[in-house]
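Me: Could you take a close look at the sheet for me, explaining how its strands are arranged and what lies across them? I am new to this structure, so please explain the terms as you go.

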Amino acid sequence: MEIEGITDLPLHTGHVPPWLIPIMRKLSRAILDIMLIEWGPQKVVERLSNPLWFQAFNNVIGMDWDSSGSTTVTLGILKEVVNPKEDGLAVLGGKGKNALKVPEELHSLNFDIDADKLANISRLVAKVDTTLVQDGHQLYHHSMLVTEKGYWGIIQQGMNEETKFARRYHWKNTENFTVDPHEAIAGKKGIAVNIIEKQKENTRKLVLDLLRQDPRKIINELQQAKAILKGQATIESWINGASFVGISKEARIIYMRPLDERKIKPILEKLYESNPENLEEALLEGLGPSTARALYLISDLIYREPPSYNDPVNMPYDPFKYAYAIGGKDGIPYPVNRRVAEEVIITLEDIIQKAKLESNEKKFSLNKLRGLSIGIKEGS
(Lines give C-alpha, C1' and ligand atoms only; values in the text may rest on other atoms or scores of the structure.)
Protein backbone atom coordinates (compact mmCIF):
# COMPACT_ATOMS: atom_id res chain seq x y z
CA MET A 1 0.00 0.00 0.00
CA GLU A 2 1.39 3.40 -0.95
CA ILE A 3 1.79 6.08 1.70
CA GLU A 4 0.18 9.33 0.62
CA GLY A 5 -0.48 12.74 2.09
CA ILE A 6 1.50 15.40 3.91
CA THR A 7 2.28 16.67 7.39
CA ASP A 8 3.82 19.94 8.60
CA LEU A 9 6.92 20.13 10.80
CA PRO A 10 7.22 23.82 11.71
CA LEU A 11 10.30 25.22 13.40
CA HIS A 12 9.67 25.49 17.15
CA THR A 13 11.91 27.65 19.30
CA GLY A 14 12.78 27.01 22.94
CA HIS A 15 14.10 23.98 24.79
CA VAL A 16 12.75 20.92 26.54
CA PRO A 17 12.29 21.87 30.22
CA PRO A 18 14.83 20.13 32.52
CA TRP A 19 12.14 18.34 34.52
CA LEU A 20 10.73 16.70 31.36
CA ILE A 21 14.02 15.23 30.10
CA PRO A 22 14.26 12.50 32.82
CA ILE A 23 10.66 11.51 32.08
CA MET A 24 11.46 11.21 28.38
CA ARG A 25 14.54 9.12 29.14
CA LYS A 26 12.66 6.73 31.44
CA LEU A 27 9.69 6.33 29.09
CA SER A 28 11.99 5.79 26.09
CA ARG A 29 14.04 3.21 27.95
CA ALA A 30 10.96 1.36 29.22
CA ILE A 31 9.33 1.25 25.77
CA LEU A 32 12.65 0.22 24.22
CA ASP A 33 13.06 -2.62 26.73
CA ILE A 34 9.64 -4.03 25.85
CA MET A 35 10.38 -3.76 22.13
CA LEU A 36 13.72 -5.52 22.50
CA ILE A 37 12.18 -8.33 24.57
CA GLU A 38 9.24 -8.80 22.19
CA TRP A 39 10.87 -8.16 18.80
CA GLY A 40 14.65 -7.81 19.03
CA PRO A 41 16.92 -5.04 17.64
CA GLN A 42 16.00 -5.39 13.94
CA LYS A 43 12.29 -4.79 14.55
CA VAL A 44 13.15 -1.73 16.66
CA VAL A 45 15.01 -0.26 13.66
CA GLU A 46 12.10 -1.14 11.38
CA ARG A 47 9.59 0.54 13.67
CA LEU A 48 11.63 3.73 14.07
CA SER A 49 12.16 3.84 10.28
CA ASN A 50 8.40 4.05 9.88
CA PRO A 51 7.45 7.77 10.07
CA LEU A 52 4.06 7.08 11.66
CA TRP A 53 5.51 4.85 14.35
CA PHE A 54 8.35 7.30 14.95
CA GLN A 55 5.89 10.17 15.38
CA ALA A 56 3.71 8.11 17.72
CA PHE A 57 6.77 7.23 19.83
CA ASN A 58 7.71 10.92 19.91
CA ASN A 59 4.20 11.85 21.07
CA VAL A 60 4.08 9.20 23.80
CA ILE A 61 7.27 10.46 25.48
CA GLY A 62 5.87 14.00 25.68
CA MET A 63 7.57 15.79 22.79
CA ASP A 64 5.64 18.21 20.55
CA TRP A 65 3.39 16.39 18.13
CA ASP A 66 4.08 18.63 15.11
CA SER A 67 7.48 20.32 15.47
CA SER A 68 10.91 20.01 13.90
CA GLY A 69 12.25 19.24 17.39
CA SER A 70 10.34 15.96 17.41
CA THR A 71 13.17 14.51 15.34
CA THR A 72 16.23 15.97 17.03
CA VAL A 73 15.04 15.53 20.62
CA THR A 74 13.62 12.03 20.19
CA LEU A 75 16.75 10.71 18.49
CA GLY A 76 18.95 12.51 21.00
CA ILE A 77 17.08 10.86 23.88
CA LEU A 78 17.32 7.46 22.20
CA LYS A 79 21.07 7.88 21.69
CA GLU A 80 21.43 8.58 25.43
CA VAL A 81 19.43 5.59 26.65
CA VAL A 82 20.50 2.92 24.12
CA ASN A 83 23.38 0.72 25.30
CA PRO A 84 24.94 -0.95 22.23
CA LYS A 85 26.70 -3.65 24.26
CA GLU A 86 23.54 -4.77 26.07
CA ASP A 87 20.90 -3.93 23.47
CA GLY A 88 22.60 -5.11 20.27
CA LEU A 89 21.56 -1.76 18.82
CA ALA A 90 23.26 1.63 18.38
CA VAL A 91 22.05 5.15 17.57
CA LEU A 92 24.76 7.14 15.80
CA GLY A 93 25.22 10.69 14.51
CA GLY A 94 22.88 13.51 15.46
CA LYS A 95 22.50 17.22 14.94
CA GLY A 96 25.05 19.52 13.28
CA LYS A 97 28.66 18.33 13.58
CA ASN A 98 27.52 15.14 15.32
CA ALA A 99 26.05 14.01 11.99
CA LEU A 100 29.60 13.75 10.61
CA LYS A 101 30.67 11.38 13.39
CA VAL A 102 28.77 8.36 12.02
CA PRO A 103 31.84 6.71 10.36
CA GLU A 104 33.93 7.16 13.51
CA GLU A 105 31.15 5.81 15.72
CA LEU A 106 30.59 2.82 13.41
CA HIS A 107 34.25 1.82 13.69
CA SER A 108 34.12 2.07 17.49
CA LEU A 109 31.22 -0.41 17.77
CA ASN A 110 31.99 -3.94 18.86
CA PHE A 111 29.49 -5.31 16.30
CA ASP A 112 29.88 -7.91 13.57
CA ILE A 113 29.40 -5.33 10.80
CA ASP A 114 31.15 -3.91 7.74
CA ALA A 115 31.79 -0.43 9.16
CA ASP A 116 33.23 0.93 5.90
CA LYS A 117 30.20 -0.18 3.89
CA LEU A 118 27.79 1.34 6.41
CA ALA A 119 29.80 4.58 6.47
CA ASN A 120 29.44 4.79 2.67
CA ILE A 121 25.70 4.17 3.00
CA SER A 122 25.49 7.02 5.50
CA ARG A 123 27.27 9.38 3.07
CA LEU A 124 25.24 8.17 0.11
CA VAL A 125 21.87 8.68 1.80
CA ALA A 126 22.85 12.24 2.75
CA LYS A 127 23.94 12.92 -0.86
CA VAL A 128 20.70 11.57 -2.32
CA ASP A 129 18.60 13.92 -0.19
CA THR A 130 20.62 16.97 -1.21
CA THR A 131 21.50 16.20 -4.83
CA LEU A 132 19.11 13.73 -6.49
CA VAL A 133 16.29 15.37 -4.52
CA GLN A 134 16.49 19.19 -4.47
CA ASP A 135 13.61 20.53 -2.42
CA GLY A 136 15.03 23.61 -0.73
CA HIS A 137 15.79 21.88 2.58
CA GLN A 138 19.32 21.99 3.99
CA LEU A 139 20.23 18.91 6.01
CA TYR A 140 21.23 19.60 9.63
CA HIS A 141 20.45 16.29 11.35
CA HIS A 142 21.52 12.76 10.36
CA SER A 143 21.10 9.69 12.58
CA MET A 144 21.90 6.09 11.72
CA LEU A 145 20.41 3.20 13.68
CA VAL A 146 22.29 -0.08 13.29
CA THR A 147 21.98 -3.52 14.87
CA GLU A 148 24.80 -5.83 15.89
CA LYS A 149 24.19 -7.76 12.64
CA GLY A 150 24.35 -4.68 10.40
CA TYR A 151 20.66 -4.02 9.78
CA TRP A 152 20.32 -0.24 9.44
CA GLY A 153 17.90 2.65 9.29
CA ILE A 154 18.59 6.35 8.70
CA ILE A 155 16.51 9.33 9.80
CA GLN A 156 17.69 12.73 8.67
CA GLN A 157 16.12 16.16 8.68
CA GLY A 158 16.49 19.34 6.62
CA MET A 159 15.31 22.90 7.17
CA ASN A 160 13.93 25.36 4.63
CA GLU A 161 15.17 28.76 5.80
CA GLU A 162 12.54 30.62 3.76
CA THR A 163 9.45 28.72 4.88
CA LYS A 164 10.79 27.84 8.37
CA PHE A 165 9.51 24.28 7.95
CA ALA A 166 11.48 21.07 8.40
CA ARG A 167 11.43 17.88 6.37
CA ARG A 168 12.25 14.41 7.68
CA TYR A 169 13.64 11.65 5.45
CA HIS A 170 13.21 8.01 6.53
CA TRP A 171 15.35 5.18 5.10
CA LYS A 172 15.40 1.46 5.93
CA ASN A 173 18.04 -1.15 5.03
CA THR A 174 17.84 -0.95 1.24
CA GLU A 175 20.20 -1.73 -1.63
CA ASN A 176 18.35 0.76 -3.83
CA PHE A 177 19.38 4.40 -3.44
CA THR A 178 18.17 6.07 -6.64
CA VAL A 179 14.64 4.87 -7.51
CA ASP A 180 11.95 5.82 -4.98
CA PRO A 181 14.32 4.66 -2.23
CA HIS A 182 12.76 6.26 0.85
CA GLU A 183 10.64 4.52 3.42
CA ALA A 184 8.87 7.90 3.56
CA ILE A 185 9.44 11.66 3.53
CA ALA A 186 7.56 13.78 6.06
CA GLY A 187 7.11 17.51 5.64
CA LYS A 188 5.14 20.38 4.15
CA LYS A 189 4.41 20.01 0.44
CA GLY A 190 6.48 22.46 -1.60
CA ILE A 191 8.50 22.76 -4.81
CA ALA A 192 11.18 20.32 -5.85
CA VAL A 193 13.17 18.88 -8.71
CA ASN A 194 14.31 15.26 -8.51
CA ILE A 195 15.33 12.22 -10.55
CA ILE A 196 14.43 9.52 -8.00
CA GLU A 197 10.91 9.12 -9.37
CA LYS A 198 10.42 5.64 -10.84
CA GLN A 199 9.24 7.00 -14.20
CA LYS A 200 12.47 9.02 -14.67
CA GLU A 201 14.73 6.13 -15.67
CA ASN A 202 15.62 7.82 -18.99
CA THR A 203 16.65 11.00 -17.17
CA ARG A 204 18.82 9.02 -14.75
CA LYS A 205 20.54 7.22 -17.64
CA LEU A 206 21.06 10.48 -19.51
CA VAL A 207 22.58 12.22 -16.47
CA LEU A 208 25.02 9.32 -16.06
CA ASP A 209 25.87 9.44 -19.79
CA LEU A 210 26.53 13.17 -19.56
CA LEU A 211 28.97 12.59 -16.71
CA ARG A 212 30.97 10.27 -19.00
CA GLN A 213 31.30 12.88 -21.73
CA ASP A 214 34.07 15.45 -22.22
CA PRO A 215 33.47 18.22 -19.65
CA ARG A 216 34.04 20.83 -22.38
CA LYS A 217 31.07 19.42 -24.27
CA ILE A 218 28.91 19.56 -21.11
CA ILE A 219 29.89 23.19 -20.43
CA ASN A 220 29.08 24.04 -24.06
CA GLU A 221 25.65 22.40 -23.72
CA LEU A 222 25.08 24.22 -20.45
CA GLN A 223 25.76 27.49 -22.24
CA GLN A 224 23.26 26.48 -24.93
CA ALA A 225 20.65 25.73 -22.26
CA LYS A 226 21.30 29.10 -20.63
CA ALA A 227 20.91 30.77 -24.03
CA ILE A 228 17.51 29.12 -24.41
CA LEU A 229 16.47 30.64 -21.10
CA LYS A 230 18.02 34.00 -21.97
CA GLY A 231 16.18 33.99 -25.28
CA GLN A 232 12.89 34.36 -23.47
CA ALA A 233 11.68 37.96 -23.48
CA THR A 234 11.32 38.00 -19.68
CA ILE A 235 11.52 35.54 -16.84
CA GLU A 236 7.77 35.88 -16.49
CA SER A 237 7.15 34.96 -20.13
CA TRP A 238 9.42 31.93 -19.80
CA ILE A 239 7.75 30.82 -16.56
CA ASN A 240 4.39 31.09 -18.32
CA GLY A 241 5.73 29.52 -21.52
CA ALA A 242 3.48 27.05 -23.29
CA SER A 243 6.45 24.80 -24.13
CA PHE A 244 6.72 23.67 -20.50
CA VAL A 245 3.31 22.09 -20.15
CA GLY A 246 2.68 20.28 -16.85
CA ILE A 247 5.45 21.98 -14.90
CA SER A 248 4.38 24.30 -12.09
CA LYS A 249 5.45 27.93 -12.25
CA GLU A 250 7.16 27.53 -8.87
CA ALA A 251 9.23 24.57 -10.06
CA ARG A 252 10.40 26.43 -13.17
CA ILE A 253 11.94 29.09 -10.94
CA ILE A 254 14.43 26.43 -9.78
CA TYR A 255 16.14 26.84 -13.16
CA MET A 256 16.58 30.55 -12.55
CA ARG A 257 19.03 29.95 -9.71
CA PRO A 258 22.60 30.91 -10.75
CA LEU A 259 24.96 28.19 -11.99
CA ASP A 260 28.68 29.02 -11.76
CA GLU A 261 30.43 27.19 -14.61
CA ARG A 262 33.85 27.76 -13.00
CA LYS A 263 32.80 25.74 -9.96
CA ILE A 264 31.01 23.05 -11.95
CA LYS A 265 33.83 22.35 -14.43
CA PRO A 266 36.36 20.87 -11.90
CA ILE A 267 33.65 18.53 -10.59
CA LEU A 268 32.78 17.42 -14.13
CA GLU A 269 36.47 16.81 -14.86
CA LYS A 270 36.89 14.71 -11.71
CA LEU A 271 33.81 12.63 -12.51
CA TYR A 272 34.90 12.23 -16.14
CA GLU A 273 38.23 10.84 -14.88
CA SER A 274 36.57 8.43 -12.43
CA ASN A 275 34.03 7.25 -15.06
CA PRO A 276 31.34 6.19 -12.53
CA GLU A 277 29.41 3.01 -13.28
CA ASN A 278 26.24 4.29 -11.64
CA LEU A 279 24.74 7.32 -9.92
CA GLU A 280 25.71 5.98 -6.50
CA GLU A 281 29.39 6.07 -7.49
CA ALA A 282 28.93 9.54 -9.00
CA LEU A 283 27.50 10.86 -5.73
CA LEU A 284 30.32 9.40 -3.64
CA GLU A 285 32.89 10.76 -6.13
CA GLY A 286 31.65 14.33 -5.78
CA LEU A 287 28.43 14.95 -7.72
CA GLY A 288 26.73 17.74 -5.79
CA PRO A 289 23.57 19.88 -6.03
CA SER A 290 24.86 22.59 -8.40
CA THR A 291 26.47 20.17 -10.86
CA ALA A 292 23.40 17.92 -10.77
CA ARG A 293 21.10 20.89 -11.41
CA ALA A 294 23.23 21.90 -14.42
CA LEU A 295 22.86 18.35 -15.78
CA TYR A 296 19.09 18.42 -15.17
CA LEU A 297 18.91 21.69 -17.12
CA ILE A 298 20.85 20.21 -20.05
CA SER A 299 18.80 17.01 -19.92
CA ASP A 300 15.58 19.01 -20.04
CA LEU A 301 16.28 21.84 -22.50
CA ILE A 302 18.79 20.16 -24.84
CA TYR A 303 17.71 16.50 -24.80
CA ARG A 304 14.06 16.89 -23.75
CA GLU A 305 14.39 14.41 -20.87
CA PRO A 306 13.24 16.51 -17.90
CA PRO A 307 13.61 15.59 -14.24
CA SER A 308 10.51 15.24 -12.09
CA TYR A 309 8.97 18.38 -10.65
CA ASN A 310 6.88 16.44 -8.15
CA ASP A 311 7.67 17.02 -4.49
CA PRO A 312 8.31 13.49 -3.12
CA VAL A 313 6.75 14.20 0.29
CA ASN A 314 4.48 11.25 1.09
CA MET A 315 3.90 11.21 4.86
CA PRO A 316 0.18 10.46 5.38
CA TYR A 317 -0.68 12.02 8.74
CA ASP A 318 0.54 12.64 12.25
CA PRO A 319 -0.78 10.07 14.74
CA PHE A 320 -1.92 12.93 16.96
CA LYS A 321 -3.93 10.65 19.25
CA TYR A 322 -0.68 9.45 20.87
CA ALA A 323 -0.04 13.01 22.06
CA TYR A 324 -2.82 12.40 24.58
CA ALA A 325 -0.74 9.76 26.39
CA ILE A 326 0.94 12.16 28.83
CA GLY A 327 0.54 15.55 27.08
CA GLY A 328 3.02 17.66 25.13
CA LYS A 329 5.99 19.90 25.94
CA ASP A 330 4.27 23.03 24.62
CA GLY A 331 0.92 22.21 26.22
CA ILE A 332 -0.67 20.57 23.15
CA PRO A 333 -3.10 18.86 23.48
CA TYR A 334 -2.51 19.61 27.19
CA PRO A 335 0.55 20.18 29.44
CA VAL A 336 2.55 17.09 30.36
CA ASN A 337 0.94 15.37 33.36
CA ARG A 338 3.92 14.32 35.50
CA ARG A 339 1.88 12.06 37.76
CA VAL A 340 0.48 10.07 34.84
CA ALA A 341 3.91 9.92 33.22
CA GLU A 342 5.51 8.51 36.38
CA GLU A 343 2.71 5.95 36.75
CA VAL A 344 3.20 4.84 33.15
CA ILE A 345 6.96 4.50 33.73
CA ILE A 346 6.46 2.45 36.92
CA THR A 347 3.91 0.20 35.18
CA LEU A 348 6.15 -0.37 32.17
CA GLU A 349 9.22 -1.04 34.33
CA ASP A 350 7.21 -3.57 36.36
CA ILE A 351 6.10 -5.32 33.15
CA ILE A 352 9.70 -5.36 31.91
CA GLN A 353 11.01 -6.79 35.17
CA LYS A 354 8.43 -9.59 35.11
CA ALA A 355 9.15 -10.29 31.44
CA LYS A 356 12.88 -10.54 32.16
CA LEU A 357 12.24 -12.87 35.11
CA GLU A 358 9.99 -15.07 32.98
CA SER A 359 12.60 -15.08 30.24
CA ASN A 360 15.33 -16.11 32.71
CA GLU A 361 13.07 -18.83 34.15
CA LYS A 362 12.42 -20.18 30.64
CA LYS A 363 16.16 -20.19 29.89
CA PHE A 364 16.81 -21.98 33.20
CA SER A 365 14.12 -24.57 32.44
CA LEU A 366 15.48 -25.10 28.92
CA ASN A 367 19.00 -25.55 30.27
CA LYS A 368 17.71 -28.12 32.78
CA LEU A 369 15.91 -29.99 30.01
CA ARG A 370 19.06 -29.94 27.86
CA GLY A 371 21.10 -31.27 30.78
CA LEU A 372 18.51 -33.99 31.47
CA SER A 373 18.47 -34.91 27.78
CA ILE A 374 22.25 -35.21 27.66
CA GLY A 375 22.25 -37.34 30.85
CA ILE A 376 19.64 -39.70 29.39
CA LYS A 377 21.64 -40.07 26.18
CA GLU A 378 24.86 -40.77 28.07
CA GLY A 379 23.11 -43.28 30.34
CA SER A 380 21.70 -45.13 27.37
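**The sheet and its strands**

Reply: Strand 5 (residues 165-172) and strand 6 pair in the antiparallel sense over four bridges, where strands are DSSP runs of E with at least two residues, numbered from the N terminus, and two strands pair if DSSP finds at least two bridges between them. The model is a predicted one, in which local features need pLDDT of at least 70, side-chain atom pairs count only at pLDDT 80 or more, and totals for chains, interfaces and linings use all residues. Residues are numbered from 1 along each chain as its sequence is written, and side-chain values use heavy atoms, with hydrogens and water left out.

Within strand 6, Ile-185 has Tyr-169 standing opposite. The wider arrangement is an open sheet of five strands, paired antiparallel in the order 1-3-4-5-6. Its edges are formed by strand 1 (89-95) and strand 6 (184-187), each of which has a single partner strand, so one side of each is left without a neighbour in the sheet. From one strand to the next, the twist averages 10 degrees.

Across this sheet there is also a helix (a DSSP run of H or I with at least four residues). Helix 4 (residues 69-81) lies across strand 1, strand 3 (138-147), strand 4 (152-160) and strand 5, contact here meaning heavy atoms within 4.5 Å. Relative to strand 1, helix 4 runs at about 140 degrees, with angles taken from 0 to 180 degrees between N-to-C directions, along axes fitted to C-alpha atoms, for helices over the stretch in contact.
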